[in-house]
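Here's a quick tour of how this chain packs on the inside and what it shows on the outside. Have the viewer open as you read.

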Amino acid sequence: MYTIGISISRDRIHAVALEEAAPALRIAAAVSVPCAEPFGAAADVAALAEALREALPGILLPGAVLTLPPPLTYLRPMTLPVTDLPRARAIHLGELEGNLPIEDEEILSDLLPAPPEGSGAFFAVASRRSFVENASEQFGAAGIRVDRVVTDPVALLLLAAGAAGAPRDGIYLSTFNDILLLRVSGGGVTAARQFPQAMVDRPEEILGAIREAAGETGSAPPSIFLVGETSASLADVLPDAERIPLPEGVLSAGLAAYGAALAPLRPRVGGGFSLRTSAEAALERDRDRRWKIGTGIAAGVAVLFALGAFWFAGWTEGNKAARARALVKKEFAAVAPDVRNVVQPGIQIRAKLDSLRRQQKELGTDAPPPADMLQLASRALPKGEIAAREISIEGGRLRIAGEAGSDARLVEAYRASLASAFGPDFTATVQESGGSVKGTSVKFTILVEKKGDRRAS
């Protein structure tokens, strides 16, 4: 599996291709081309694509993650009336409108991840829609599909995470493009600043920002990490800072591209940050439409299976009753072939029916009819984002497979509701519960069966 990261600066475009191979990532290619104009033009993008093809002969170029440098973005702190990232994303754009030097319809923005404790403080990074979409179209025309657009703060978080999977708490200072400062706590960003590259030789304001990000005096100072090649003047004023080693084969100027290439491999780092272009939004709508169609088909198939099970159970019960009547008649004829009026036939028939019921209990066919079981399962569904995708009924056993929202407590709530609905003669057990590939939902399987009926499932 290959991933490609691309970074843009004033004078060069860099690309890094990573191959996910055991036991560690391998840099398959690292190329760059100069820009004929600031931040590149279509001809520069075409030259980069050609350089990548030469470095990866015989390999179809995969989708790429593009990262934008600080000169092309606007970093804004904001305080919102919510603390969780999904709801903050839904409302934060209104706070930016009218507060950036660009038209409101030109704003493309997303939020950096916040610390898990949640205070309502967030950092938004925005860019011009026209530039982002034009750059995506240029790369697409050159044969490189842009799957995601991020910014250098996200690339810095991905570089800081490394193989550990999450960045360590502390203050990160990067110099691979303009200067970036991030204070990270619990994987979230509590302070963020960006400075022009020219300020690297005048570090007084940078030091002031570091002291401000460090927080209250008297507490233990946070660790400071340097990412990229640091000038002597900045290194001299930060003698205790820890330098994060560069990946072998990547220059400091290409670190942002390396960090962008890590985005598909570290999906939890950065909180899913993405500047959503019009093409990406259209693709997401198409995915949602296909998902709804698939869900409808799955629900229809589940209903057909349930109706089939109901019909089969009815046919089985009728067939068993007919066989019982025929058996009683045959035994009567064998015992008294010349007797047409049997004395107390009802007693003997009831004895045979009692025997049949015992056999049904042993076979597990004495459960409620399938229609009643489906009704109980439907009424037990709790409120929330939960859906049953597949239902199967076998005798007295009901198996329900489905998906819940990101809150796994909905699965336990459904299990408890099923146990209450079916009563003390039944047990409800969660057989399987786990997150989906994308991590946006919880898949589950719940088995409802009569107590004492522990056949292999």
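Start with isoleucine 6. Skipping its neighbours within four places in sequence, isoleucine 6 is in contact with Ile13, His14, Ala15, Leu48, Ala64, Val65, Leu66, Thr67, Phe139, Ile144, Ala257 and Ala260. Keep in mind that this is a predicted model.

That contact list fits the wider picture: Ile6 and Phe139 are the residues with the most contacts inside the largest nonpolar core, which has 68 residues. Helix α4 (residues 152-161) gives this core its largest share, seven residues. There's also a second, separate core of 19 residues, with Leu410, Leu418, Phe426 and Val448 among them.

Zooming out, the protein has 11 helices and 17 strands. If you look at contacts with a separation of 6 or more, 63% of them are between residues 24 or more positions apart. A few whole-protein numbers:

| Quantity | Value |
|---|---|
| Residues counted as buried | 43% of 457 residues |
| Exposed area of the protein | about 24400 Å² |
| Part of that area from carbon and sulfur atoms | 55% |

Now for the outside. Which residues make a nonpolar surface patch? Ile297, Val301 and Phe305 do, and the patch covers about 310 Å². Isoleucine 297 sits in helix α8, which spans residues 278-335. Is isoleucine 297 buried or exposed? Isoleucine 297 counts as exposed because its relative accessible area is 54%, and the cut-off for exposed is over 50%.

How values were computed: Residues are numbered from 1 along each chain as its sequence is written. This is a predicted model: local features need pLDDT of at least 70, side-chain atom pairs count only at pLDDT 80 or more; totals for chains, interfaces and linings use all residues. Side-chain values use heavy atoms; hydrogens and water are left out. Patches are made of residues with over 30% relative accessible area and no salt bridge: like charges are joined within 9 Å, nonpolar side chains (Val, Leu, Ile, Met, Phe, Trp, Tyr) within 5 Å. Accessible areas come from the Shrake-Rupley method with a 1.4 Å probe; for residues, only the protein chains shown count as cover. A salt bridge is a side-chain nitrogen of Lys or Arg within 4 Å of a carboxyl oxygen of Asp or Glu. Helices (H or I, at least four residues) and strands (E, at least two) are DSSP runs, numbered from the N terminus. Buried means under 20% relative accessible area, exposed over 50%, partly exposed in between (1.4 Å probe, protein chains only). A nonpolar core is a set of buried Ala, Val, Leu, Ile, Met, Phe, Trp, Tyr and Cys residues joined through side-chain atoms within 4.5 Å. Contact means heavy atoms within 4.5 Å.
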